[in-house]
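Me: Please take me through the fold shown here, one question at a time. I would like the reasoning given before each answer.

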Amino acid sequence: MNLENGCPFVHCKSSDCGKRIPADFKKTDFMPIVVIGSKGSGKSHFLSVLIHELNTIGKRFGFTADFCDDGISVREYNSRYATLYTRREIIAGTKIGDVKNPIVMKIIFKRKSPNGKKSLYIGFYDVAGEDF
């Protein structure tokens, strides 16, 4: 088991996967978030703002949000989405057929949620509008 970004990782036992996943992934809820829209409608910008705001407002709402998927999400966010905030640049459109792994964040609540869970994983998928 390795620890990166505060998340313990194990190797996926699935024969077709072979990737490292968070150790508690199968025991924790996973919520995929997919933004669907036409070409140039701002899907990537929306995801960038959503991820940024989760990191910014978490403490005020009683949770922390952190990237948690073997460093892939951090690299993807910093190389593609953070430029909206760091350099105030427009995010380039997602290329047709460029299906990437989702940006995965772990949300940890200070108190248990109504369903009794203390945490959940959120996967943000960014897909080109032309792929729909």
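Reply: Contact here means heavy atoms within 4.5 Å. The model is predicted, and the questions may begin with its confidence.

Me: Which element of the chain has the highest mean pLDDT, and which the lowest?
Reply: The chain averages a pLDDT of 76, and 77% of the residues score at least 70. Over residues 1-5 the pLDDT is below 50, although this stretch has 16 contacts in the model beyond near neighbours in sequence. Where pLDDT is low, the predicted coordinates should not be read in detail. Among the elements, the highest mean belongs to α1 (88) and the lowest to strand β1, residues 2-4 (41).

Me: What is the strand order of the open sheet of 4 strands?
Reply: The strands β4 (29-34) and β5 (63-67) each pair on one side only, which places them at the edges. From β4, 6 bridges lead to the parallel strand β7, residues 119-125. A further 6 bridges join β7 to β6 in antiparallel fashion, and 5 bridges join β6 to β5, also antiparallel. The pairing is thus mixed, and the order is β4-β7-β6-β5.

Me: Which residue in β7 stands opposite F30, and which stands opposite I103?
Reply: The parallel pair β4 and β7 is joined by 6 bridges, and the antiparallel pair β6 and β7 by 6 bridges. Opposite F30 in β7 stands Y121. Opposite I103 in β7 stands F124.

Me: At what angle to β6 does helix α2 run?
Reply: Helix α2 comprises residues 72-81 and lies across β5 and β6 (103-109). Within the sheet, neighbouring strands are turned by 25° against each other on average, direction ignored. The helix runs to β6 at about 115°.

Me: How many of the 7 residues of β6 are buried?
Reply: Buried means under 20% relative accessible area. Strand β6 is largely enclosed by the rest of the structure, because the number of its residues that are buried is 5.

Me: Which residue in β6 is the bridge partner of F67?
Reply: Strands β5 and β6 are joined by 5 bridges and run antiparallel. The partner in β6 touches I51, L54, A65 and F124, among others, not counting residues up to four places away in sequence. The bridge partner of F67 is M105.

Me: How many residues has the largest nonpolar core?
Reply: The elements α1 (43-57), β5, α2, β6 and β7 each supply at least two residues of this core. The residues with the most contacts inside it are I51, L54, Y77, I103, M105, I107 and F124. The core has 18 residues.

Me: Which residue meets D126 in a salt bridge?
Reply: D126 lies in the segment after β7 and its partner in helix α2, so the pair ties together parts that are 46 residues apart in sequence. The two side chains meet at 3.4 Å, N to O. D126 is buried, and its partner is buried as well. That partner is R80.

Me: Is R87 buried or exposed?
Reply: The side chain of R87 meets that of E89 in a salt bridge (3.2 Å, N to O). E89 is partly exposed, with a relative accessible area of 36%. The limit for exposed is over 50%. At 53% relative accessibility, R87 is exposed.

Technical notes: Residues numbered from 1 in each chain as written. Predicted model: local features only at pLDDT ≥ 70, side-chain atom pairs only at ≥ 80, totals over all residues. Heavy atoms only, no water. Pairing = 2+ DSSP bridges. Axes fitted to C-alpha atoms, helices over the stretch in contact; angles between N-to-C directions. Salt bridge = Lys/Arg side-chain N within 4 Å of Asp/Glu carboxyl O. Buried < 20%, exposed > 50% of the residue type's maximum accessible area, 1.4 Å probe, protein only. Core = buried A, V, L, I, M, F, W, Y, C linked by side-chain atoms within 4.5 Å. pLDDT = per-residue confidence, 0-100.
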